[in-house]
Amino acid sequence: KTEGEEERKEQREGESRGQKTGVWGDGNDKDPERKPVAPSLPPTKNPNDRTLRELMTSSEYIGLLLWFTVIVTPSQYYVVSIGYQMERKGDTDGGYTRLFTLLYGGSALLAPLGGMVADRFGVGFGQGVATLLTAASFAILLSPTLDALQVFGIACYGVGRLFIFAIYFSNIGRRFGFAHYGTLAGTGMLTSAVVSTLQYPLYTVAIDGGVDAINMACLVAVLACVPYTVWLSLRERRETLGKASRLPT
C-alpha cells in the first residue's frame, strides 16, 4: 500500500470513531459543529408491556392500594358522622349539615382542576393535595366551636374527596397503562370497600363518647399517607428528568 492509501484509511477510521463518540482525529480534538451525545439512561419499561402479576406485585401499585384504602376509610366515616358532629357543636337546626350537602355536591365543579393538577404536577403531587385537604378537614373537626372554620373544613373535605377518587383513577391509567386498567382499578375499589366498613364501628365509638379520639385517629391515619405521596412525586420527577436526558441534543 502507498503512503497516501494509509493516510486515507486512518482518516476514514477517525471519522467512524467520531460519528460514534463525537471525538475526532486523534481523540484530542472535537468537531466544533458536532456535539457528543451523553450516554442515555436505560428506558423505562412500558407499563402496557408488563403482565398483570408484575403490575399488582409492584411496590408502586401496593403503595397506591394502601394509600387509597387508608384514606377512603376516614373519608367514609366523615360522611356518616358529620351530622352528629355538627349537632354536638350546636347545630340544632341542621343548617351545617345541609351546607355540607351543598358543598359536597358543588365540589364536582372543581373536577377539571383536579385533572389539571395531575397533568401539570403529576399524580403524586395531586394525591398529596388530596391527602392534606382530607387531613385539614379532620383537624378542624377537633375544634369545639361552630363557626366559619367548620365551613372551611367541610369545603376541604369535599374537594379532598373529589381529588382522592379522580386522581386514583388517573394514577392507574398514567402509571400502569390501560391493558389491565379495569382489574387494577376494581381491585382497589373492592379492597377499600371492604376495609371502609370500619366506618360503622368507628361511628359507634364516636357516639358513645369517643368522637374526639376517633377524629384524632383519622387525622393520624391520613397524615401517615403523606410520605407515600412525596415518594411518588419524587419518583415521577426523576423519571421526567431521565426522559429529558435521553432526548437528542
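Let's start with glutamate 60. Setting aside neighbours within four places in sequence, glutamate 60 contacts Arg175, Phe176, Tyr228, Trp231, Leu232 and Arg235. Two of the names there are arginines, Arg175 and Arg235. Glutamate 60 sits in helix α3. Is this glutamate buried or exposed? Its relative accessibility is 7%, under the 20% cut-off, so glutamate 60 counts as buried. Keep in mind that this is a predicted model.

Stay on helix α3 for a moment. Leucine 64 is the next stop. Again leaving out neighbours within four places, leucine 64 touches Gln127, Tyr168, Asn171, Ile172, Phe176 and Tyr228. Phe176 and Tyr228 appear in the contact list of glutamate 60 and also in that of leucine 64.

Now the overall picture. The chain has 10 helices and zero strands. Along the sequence that reads α-α-α-α-α-α-α-α-α-α. There are 249 residues, and 36% of them count as buried. The accessible surface is about 14100 Å². Carbon and sulfur atoms make up 62% of that surface. How much of the contact set is long-range? Take contacts with a separation of 6 or more: 79% of them join residues 24 or more positions apart.

Next, the core. The largest nonpolar core contains 42 residues. Which residues have the most contacts inside it? They are Leu64, Trp67, Tyr77, Tyr78, Phe138, Phe163 and Ile164. At least two core residues come from each of α3, α4, α5 (111–121), α6 (123–141), α7, α8 (181–195), α9 (199–223) and α10 (226–245). Helix α3 gives the largest share, with 11 residues.

On to the rings. The structure holds 16 aromatic pairs. Take phenylalanine 100 with tyrosine 104. The ring centres are 5.6 Å apart and the planes meet at 5°, so this pair is stacked. Both residues belong to helix α4 (residues 95–106). They are four residues apart, which is about one turn of the helix. Their exposure is worth a look. Phenylalanine 100 has 6% relative accessibility, so it is buried. Tyrosine 104 has 32%, so it counts as partly exposed.

Tyrosine 104 has another partner. With tyrosine 157 it forms a tilted pair, at 6.2 Å centre to centre and 35° between the planes. This pair links distant parts of the chain, with tyrosine 104 in helix α4 and tyrosine 157 in helix α7 (residues 148–176). The sequence gap is 53 residues. How accessible is tyrosine 157? At 1% relative accessible area, tyrosine 157 is buried.

These rings are part of a wider group. Ring pairs join Tyr77, Tyr78, Phe100, Tyr104, Phe138 and Tyr157 into a cluster. Tyr77, Tyr78 and Phe138 also appear among the core residues with the most contacts.

Now the record. UniProt, in an unreviewed entry, carries the annotation "transmembrane region" for residues 61–79, 99–118, 125–142, 148–169, 181–202 and 214–234. How do such spans look in the model? Take two. Residues 61–79 are 100% helix and 0% strand, with the end C-alpha atoms 27 Å apart. Residues 181–202 are 86% helix and 0% strand. There the end C-alpha atoms lie 32 Å apart.

Back to helix α3, this time at valine 70. Helix α3 runs over residues 59–89, and valine 70 lies in it. At 32% relative accessible area, valine 70 is partly exposed. Which residues does valine 70 touch, not counting those up to four places away? Ala221 and Cys225. Serine 196 also deserves a mention. Its C-alpha atom is 8.3 Å from that of valine 70, although the two are 126 residues apart along the chain.

That leads to the cysteines. Cysteine 225, the contact of valine 70, has 6% relative accessibility and so counts as buried. Cysteine 218 is buried too, with a relative accessible area of 6%. How many disulfides does the structure hold? Zero.

To wrap up, three points. The chain has 10 helices and zero strands. Its largest nonpolar core has 42 residues, with α3 as the largest contributor. And glutamate 60, where we began, counts as buried at 7%.

Technical notes: Residues are numbered from 1 along each chain as its sequence is written. This is a predicted model: local features need pLDDT of at least 70, side-chain atom pairs count only at pLDDT 80 or more; totals for chains, interfaces and linings use all residues. Side-chain values use heavy atoms; hydrogens and water are left out. Buried means under 20% relative accessible area, exposed over 50%, partly exposed in between (1.4 Å probe, protein chains only). Contact means heavy atoms within 4.5 Å. Accessible areas come from the Shrake-Rupley method with a 1.4 Å probe; for residues, only the protein chains shown count as cover. A disulfide is a pair of cysteine sulfur atoms within 2.5 Å. Rings of Phe, Tyr and Trp (its six-membered ring) pair if their centres lie within 6.5 Å; planes under 30 degrees apart count as stacked, over 60 as edge-to-face and the rest as tilted. UniProt positions are given in the numbering used here, feature names are shortened, and annotations may be inferred rather than shown by experiment. A nonpolar core is a set of buried Ala, Val, Leu, Ile, Met, Phe, Trp, Tyr and Cys residues joined through side-chain atoms within 4.5 Å.
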